[in-house]
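Q: I'm new to this structure and would like a close look at a single part of it. Could you take me through it slowly?

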Amino acid sequence: MKTREIYIHIPFCVKKCNYCDFLSFKYNEDIKDKYIDCLCNEIRHSDMEEVEILTIFIGGGTPSVLEESDIEKIMITIKSHCLLSDDVEITIEVNPGTVTESKAHLYKSIGINRVSIGMQSADDWILKKLGRIHNTHQFFECYERLRKVGINNINVDVMSGLPGLTLENYEDTLKRVCELGPEHISAYSLIIEENTPFFELYNSENGKYINELPDEENERRQYERTDEILKLHGYYRYEISNYAKEGYECRHNSGYWTGVPYYGFGLGASSFIDDTRFCNVSSMEDYIKNKGLAESKDSIILLSKKEKMEEFMYLGLRMTKGISINKFKKIFDEDIYTVFGKTIDKYLSMNLLVCEGDRIFLSNRGIDISNYIFSDFLM
Amino acid sequence: MADINRDKIRNFCIIAHIDHGKSTLADRIIEKTGTLTNREMQAQVLDNMELERERGITIKSQAVRIVYQANDGEEYIFNLIDTPGHVDFNYEVSRSLAACDGAILVVDAAQGVEAQTLANVYLALDHDLDVLPVINKIDLPSADPERVIEEIEDVIGIEAHDAPLISAKNGLNIEDVLEKIVTNIPAPSGDPEAPLQALIFDSLYDPYKGVIVFCRVKNGTVRPGMNVKMMATGAVENVVEVGYFGAGRFIACDELSAGMVGYITASIKNVKETTVGDTITDVDNPCAEALPGYKKVNSMVYCGLYPADSAKYEDLRDALEKLQLNDASLNYEPETSIALGFGFRCGFLGLLHLEIIQERLEREYNLDLVTTAPGVIYKVYKTDGTVVELTNPSNLPDPSEIDYMEEPIVSAEVMVTTEFIGPIMELCQERRGRYLGMEYIESSRALLKYELPLNEIIYDFFDALKSRSRGYASFDYDMKGYEKSDLVKLDILINKEEVDALSFIVFAGSAYERGRKMCEKLKQEIPRQLFEIPIQAAVGSKVIARETVKAMRKDVLAKCYGGDISRKKKLLEKQKEGKKRMRQVGNVEIPQKAFMSVLKLDED
């Protein structure tokens, strides 16, 4: 029996946030209906022979814009076509402004056991700036609602480095989240992406309002405080941007970093099956025309041994526990030092990597500049 | 066409200030005489180097043979030799002129006589050429041919009243020019029966035919099968083919006789055997003496050229060797830099020449280059009485061994409309210029005369001149000689280590200013790294400026969504690619373009 994960992409939002460059469109009922049909068709036509599903992640976009019947349809399709493991982790991403009581009930009853809430900030002024559709009050309501129906594994997204965000402001958000006590907290530092409204305003070349962004000192301070405050409240950092209470690490995301194969269903979704990375087309028109089927696959890459070794390093090192020297040997039948010795030694000597027993991992400073280090693991 | 009457040959070139329409007129002449069909006609046919078309300038001399049916009913052979207009390429102009008997002088009907108009006319007169003035761009609303004709007569002192008034762009009055070529440009002299005497004015390397020598036969006749000798190098070759220039191609013929312009091939593999300016003669019936060569100018600007990928050193050497064949004014010798490895110290006529060579190397030879800051040749007088000609700042002797130093000075002429005299004088002052005088060409224009240190004009003087005169000033210069000057070597230390490729020689009074700007510029160019990097400018052991590149604090990809690993990998690959384009100096990675940043110090 092979074990795999499933990612489901819901490319609809009530309104796109100002910083977001993910694949998502304004919610339109007509297109949405067609899309859900194609999505289910794609799931039904995938090869699930001898496959056990460990985790499901319904992401977006904003999956919570979907109606109850849509979610039901997707879940029933998956359950009737795939074998789910006994302790399957099923996550849905929600926007606090869109989770009604009946949706919350449905999530619970259909088997969804983990909900990720995009809170971002506990300051309404900041939320408005981000172009979020919800306010702080709605977030707390949503959280309570989910708890009440019995969701006992909740993630809350928060962001630092936002325009206009002061350190006090940010610490307040962190503290209020910690007091609520979700099992998992994702803390992202804002990245100004191209093709977003924020890029126009804040890009480092010629953004008009670049001064609104916290300066480097401040931004780094916010980032450091994340670790300090969350630690104090019993969360530990297990990945670059992710914190959890012991035992509540997101298994789905950890799978990405440790080479677990996964199916990506839906528009633009990425898959990793049989050492091959590929993704679906990102044109809604084409996706619907092809009814979500194989013709709509794009950029297929069969990983070579070299690429697999590279990924083992730069994905594995995202986890704070790092990578296992023995596991490398077992998978590739080569010594990790023969392949990457020079790079590993360089960063060990700079205290950016740490080696303890069988494991090599990033130091705190190493995490800060991880891209710089990772790029050296490309051969 | 075996029997060509010498009286029916016209060998001429077209000279002009840049952008006055030289190449366009050449196109029209070729078109009108039907040398090319319309289909073959492409704008600026003579500029067949990709780079020339793109920049709209002529770099290499080109030649073409045209048959023209004149109004007198006779058929004439025109050998048109295109010449470059930029001051950097005076040497090329000089080569072309040596092959001609006359020159068409193109003057813009709106702009009138400019600095390079004068410079080129003087060159032509030096070569005893008859000059035929032509007023171009008469279709422009601002055209004022009467004024320009007067200017030509007053300033240059040549008859211009019956000068053809044309628009090369619109093909207007081109016939007038063609007739004037017949009547005003003399037929070549020379004796086809005399011993062979032919001047090499250019050459080209062809992988199949070997070196193709462009020559003007002054006396005698050259045919395939003859044994010829290059008088300066002594090389003896057997002529395989002779011919003339169709537009963009070579057309073989039976012989080239006195007065003709054409090419010779002789399976010559070694480019060094055929130096431009040499005289070709018949081994069995040699001429008494070589033709006077022509003024060979020396390289004025030097810089280091290094392959970005050190494995490409041999390729760079081959490419330079090939380019030198077509461009005798380029010279190079191997050098090594601690920062950049193995490369070449190359000499150029000027900064434009440098840029052209650099671009040709990159395009035509597919090389990725790192260029160091250009400099001039300084003369270092040592206390032991010897003199060192310094082309690479790193080779400056220890200060204790130096008695004094000299730098090259040019005499410059700037032509400018009167409203900009102030700003231009200010500019020349800033560049340590010595004012010599001013002449009014007419009530609204003046010719400013200055002596300027060459190292003050090689970087960006031309640009500064244009911007401070809104494009109205034109400029020409001549080497004058060397003068004693207070010069120092400015060193750049990155992370406390001296980077040899960044050192340059500077006037002591400007050292602080340039050091400060250099540090600021480098701070922008060098990306943040894992640790803090001090950038210092120093004269001797004294640090005169400092900037700091702060340590990198954040380089992390927070979110990696929906398992889109490929996108993440692309980011890392881009980053790795960026690192590859860096030079490792000590433990600091310096982007290649930082080595050229000294060029842009005076921006903004």
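Which residue of chain B forms a salt bridge with A:Glu216, and how far apart are the closest N and O atoms? Please start there and then show me what lies around it.

A: Happy to. One thing to keep in mind is that this is a predicted model. The partner you're after is B:Arg528: A:Glu216 forms a salt bridge with it, and the closest N and O atoms are 2.7 Å apart. This pair crosses between chains, with A:Glu216 sitting in helix α8 of chain A and B:Arg528 in the loop between α12 (511-525) and β29 (533-539) of chain B.

So you've landed on the interface of the two chains. Let's zoom out a bit. Between chain A and chain B there are 8 salt bridges, while a search of the whole structure, over all chains, gives 64. Another one that links the two chains joins A:Glu193 to B:Arg567, where the closest N and O atoms are 3.6 Å apart. On top of that, 18 residue pairs are in polar contact across this interface, counting pairs where both residues have pLDDT 80 or more.

Which parts of chain A do the touching? The elements that give two or more residues to the side facing chain B are β8 (184-189), α8 (216-232), α9 (251-257), α11 (305-316), α14 (364-368) and α15 (370-375) of chain A. Sort that side of chain A by class and you get 21 nonpolar, 7 polar and 17 charged residues. In total, 45 residues of chain A are in contact with 29 residues of chain B. Together the two chains bury about 3500 Å² between them, and 53% of that is on carbon and sulfur atoms.

Now for some of the scenery in chain B. One piece is an open sheet of 8 strands, running β10-β9-β15-β6-β7-β14-β11-β12, with antiparallel pairing. At its edges are β10 (236-238) and β12 (249-253) of chain B, each pairing on one side only. Neighbouring strands here are turned by 40 degrees against each other on average, ignoring direction. Look at the β10 end: β9 (residues 227-230) of chain B pairs with β10(B) in the antiparallel sense over 3 bridges, and B:Val228 stands opposite B:Glu237 there.

Chain B also has an open sheet of 4 strands, in the order β17-β18-β16-β19, again with antiparallel pairing. Why do its end strands have a free side? β17 (331-337) and β19 (369-371) of chain B each have a single partner strand, so one side of each is left without a neighbour in the sheet. In this sheet, neighbouring strands are turned by 30 degrees on average, direction ignored. Strand β16 (residues 301-307) of chain B pairs with β19(B) in the antiparallel sense over 3 bridges, and B:Pro307 has B:Leu369 as its bridge partner in β19(B). Lying across β16, β18 (341-348) and β19 of chain B is helix α8 (residues 351-364) of chain B, which runs at about 165 degrees to β19(B). Don't mix this helix up with α8 (216-232) of chain A, mentioned earlier.

Finally, back in chain A, there are two backbone details to look for. The peptide bond from A:Gly60 to A:Gly61 is cis, with omega near 15 degrees, and A:Gly61 lies in the loop between β4 (51-60) and α2 (68-81) of chain A. A:Glu50, found in the loop between α1 (29-44) and β4 of chain A, has a positive phi of about 60 degrees although it is not a glycine.

How values were computed
Residues are numbered from 1 along each chain as its sequence is written. Chains are lettered from A and ligands numbered from 1 in the order in which they are written. This is a predicted model: local features need pLDDT of at least 70, side-chain atom pairs count only at pLDDT 80 or more; totals for chains, interfaces and linings use all residues. Side-chain values use heavy atoms; hydrogens and water are left out. Contact means heavy atoms within 4.5 Å. Buried area is the accessible area (1.4 Å probe) that two parts lose on being put together, summed over both. A salt bridge is a side-chain nitrogen of Lys or Arg within 4 Å of a carboxyl oxygen of Asp or Glu. A polar contact is a pair of N or O atoms within 3.5 Å; within protein, one must be able to donate a hydrogen and the other to accept it, and residues adjacent in sequence count only if both atoms are side-chain atoms. Ala, Val, Leu, Ile, Met, Phe, Trp, Tyr, Cys and Pro count as nonpolar, Asp, Glu, Lys and Arg as charged, and the others, Gly among them, as polar. Two strands pair if DSSP finds at least two bridges between them. Axes are lines fitted to C-alpha atoms, for helices over the stretch in contact, and angles run from 0 to 180 degrees between N-to-C directions.
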